[in-house]
Amino acid sequence: MVFPAGGRGGGPGGPDRGGARSEAPTVVMRPALTGGRSLVPAQGGPVEVPALAWSGAEWEDAYQRVRLSGRAYVWLNLVEQRLRSLVDEVLHPIYAPAHGEDWVTAAAGPAGEEWAHRAGAVREVSRRKGYLLDPADDDPLVFLTLPQLRELMVQHWPCFEPYLADRREIELALDELEVARHVVSRNRVLTGTVLAQTERAAARLLALLDGGTGAVPADVVESLVAGRYADVVAVHPDRVRLQRDLPVEDLLDGARRLDALGIGLGMLCQNYTGKRLVRLATDGCRVRLLFLNPASSAVRRRERELGLGRGELGRSIQMNILHVRRVRAALRDQGGFEIRVFDETPRFTAYLVEGVPLATPVGAGGRRATRDLGVVQPYLRRARGMESPALVLRGGAGQQPGGTDAGLLEVYREEFEGVWADSRPVS
């Protein structure tokens, strides 16, 4: 498109105050090869307008923001749902009999009348435009924000006090969530530090809103993504990264059963002290350990793959077996601590743990909710166990609602039982 040199008024190409016509360059707009547009003045070179497409670095920055904000949103959503349910359970029987659908406005009182009416107006608009996809959402509480739900609880604290343990602790946790709530609601940058604070505060608050006895998964995001990945809740490129995020003491703390299979079980024997292992078994954990027979031909084949000298790997396995034998000898009940060896070619190492307690107790009598965990590493031809990728599995995380397919943790349990049946005990 070409703009003529002449034009109206005093703009470019138009007459100036003295009646003379100003000289303005002719500007030609042509499509740019990059998808943008070039402005090509008649007396100059092309001026490139930046393309609208994001670069790889910009996409990566956006993905990182989504990862952080998405995790925080999941926790904030859970907190809001739980607080909304609690307000409904406590205040609805008090105000609904006298005020009907306007019970939220009545509960808000003069101090909250404005935001209660505003929430009611949003509800009416949502009704007219068909935004209420679930009939259960056609409720005045659904349209209140987290601070407004908090205000209702604070105003009526005597009604909540019989059910909640500590008002000050609840309000402190809600204060910690406010920063993340503002950042997430406005799609601003969330830092890793604030995200960690949000997750801790949300988990603590959810437990408090259940009267201090609620059970919350250690990482609630696991439950949302693991169904897609069949129990896999974390993947680490090597054992070093695994142990940084999931130390052995955290994996085994409070466990009721440990089944371990591998060549030398170095993660257990070299990163978990004998005293801890004795204490674990004394506290009631049943232990079954499967080592590769240090005298088998499979050990020599593995030594050749790793470029080790003859007998080097076998001696390492023997040392680890002697270590766990000393642990077993220190136990009063040695029947719950079994050690065996197998002769097959090893395909993976696995630590399958049952009954790992969650962070918070549940139910009467102080009983704790538990979960099953597994750490699995494949054996690569040229990589030691320390350098192999590690999968963290959580039992039931991959179970779809109403589904019957077992997750990966059950697959490795079956494999362990098969090798155990063909193994020989160590005296």
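Biologist: Is glutamate 124 buried or exposed, and how do I read that?

Modeller: The general idea is a scale of relative accessible area, where under 20% is buried, over 50% is exposed, and what lies in between is partly exposed. This is a predicted model, and in it glutamate 124 has a relative accessible area of 36%, so it is partly exposed.

Biologist: Which side chain does glutamate 124 meet in a salt bridge?

Modeller: Side chains of opposite charge can pair when their charged atoms come close. Here the partner of glutamate 124 is arginine 127, at 2.8 Å from N to O. Both residues belong to helix H3, residues 113-129, and their spacing of three residues is about one turn of the helix. Arginine 127 is partly exposed too, because its relative accessible area is 32%.

Biologist: Which residues are linked with these two in a network of salt bridges?

Modeller: The network joins Glu101, Arg123, Glu124, Arg127 and Asp138. For the structure as a whole, the count comes to 25 salt bridges.

Biologist: Where is there another salt bridge between residues about one helical turn apart?

Modeller: Look at helix H13, residues 297-306, where glutamate 303 and arginine 300 are three residues apart. The closest N and O atoms of this salt bridge are 3.2 Å apart. The two ends are placed differently on the accessibility scale: glutamate 303 is at 2% and counts as buried, while arginine 300 is at 23% and counts as partly exposed.

Biologist: How far apart are the closest N and O atoms of arginine 384 and glutamate 387?

Modeller: They are 3.6 Å apart, and the pair forms a salt bridge. Arginine 384 is partly exposed at 47% relative accessible area, and glutamate 387 is partly exposed at 41%.

Biologist: What about charges that are not in salt bridges? Which residues form the negative surface patch?

Modeller: A patch of this kind takes residues with over 30% relative accessible area and no salt bridge, with like charges joined within 9 Å. In this model Glu344, Glu414, Glu415 and Asp422 form a negative one. Glutamate 344 sits in the loop between strand S7, residues 337-342, and strand S8, residues 348-361. Its relative accessible area is 32%, which makes glutamate 344 partly exposed.

Biologist: Which residues make the nonpolar surface patch?

Modeller: Trp54, Trp59 and Tyr63 make it, and its area is about 370 Å². Tyrosine 63 is in helix H1, residues 56-99, and is partly exposed at 45% relative accessible area.

Biologist: Now the strands. How many residues of strand S5 are buried?

Modeller: In a regular strand the side chains alternate between the two faces of the sheet. Strand S5 covers residues 257-262, and five of its six residues are buried, so the rest of the structure largely encloses it. S5 pairs with strand S6, residues 286-292, in the parallel sense over six bridges. Leucine 261 stands opposite leucine 290 in S6.

Biologist: In which sense do strand S4 and S10 pair, parallel or antiparallel?

Modeller: They pair in the antiparallel sense, over four bridges, and S4 covers residues 232-236. One place to look is valine 235, whose bridge partner in S10 is leucine 391. Four of the five residues of S10, residues 390-394, are buried, so S10 is largely enclosed by the rest of the structure.

Biologist: How do I compare separation along the chain with separation in space? What are the values for glycine 335 and arginine 286?

Modeller: Count residues for the first and take C-alpha to C-alpha for the second: this pair is 49 residues apart in sequence and 8.8 Å apart in space. Glycine 335 is in the loop between helix H14, residues 312-329, and S7. Another pair is glutamine 377 and proline 389, 12 residues apart along the chain, with C-alpha atoms separated by 5.9 Å. Glutamine 377 is in strand S9, residues 368-378, and is buried at 1% relative accessible area.

Biologist: Last, the backbone. What is phi of asparagine 187?

Modeller: Phi of asparagine 187 is near 55°, a positive value in a residue other than glycine. Asparagine 187 lies in the loop between helix H6, residues 167-185, and helix H7, residues 192-209, and is exposed at 63% relative accessible area. Leucine 265 is not a glycine either, and has a positive phi of about 50°. Leucine 265 is in the loop between S5 and helix H11, residues 266-271, but at 2% relative accessibility leucine 265 counts as buried.

Methods
Residues numbered from 1 in each chain as written. Predicted model: local features only at pLDDT ≥ 70, side-chain atom pairs only at ≥ 80, totals over all residues. Heavy atoms only, no water. Patch = residues over 30% accessible without salt bridge, like charges linked within 9 Å, V, L, I, M, F, W, Y side chains within 5 Å. Areas by Shrake-Rupley, 256 points an atom, 1.4 Å probe, with all protein chains shown as cover. Salt bridge = Lys/Arg side-chain N within 4 Å of Asp/Glu carboxyl O. Lys, Arg positive; Asp, Glu negative; His and termini not counted. Charge placed at Lys NZ, Arg CZ, Asp CG, Glu CD. Helix = DSSP H or I, 4+ residues; strand = E, 2+ residues; numbered from the N terminus. Buried < 20%, exposed > 50% of the residue type's maximum accessible area, 1.4 Å probe, protein only. Pairing = 2+ DSSP bridges.
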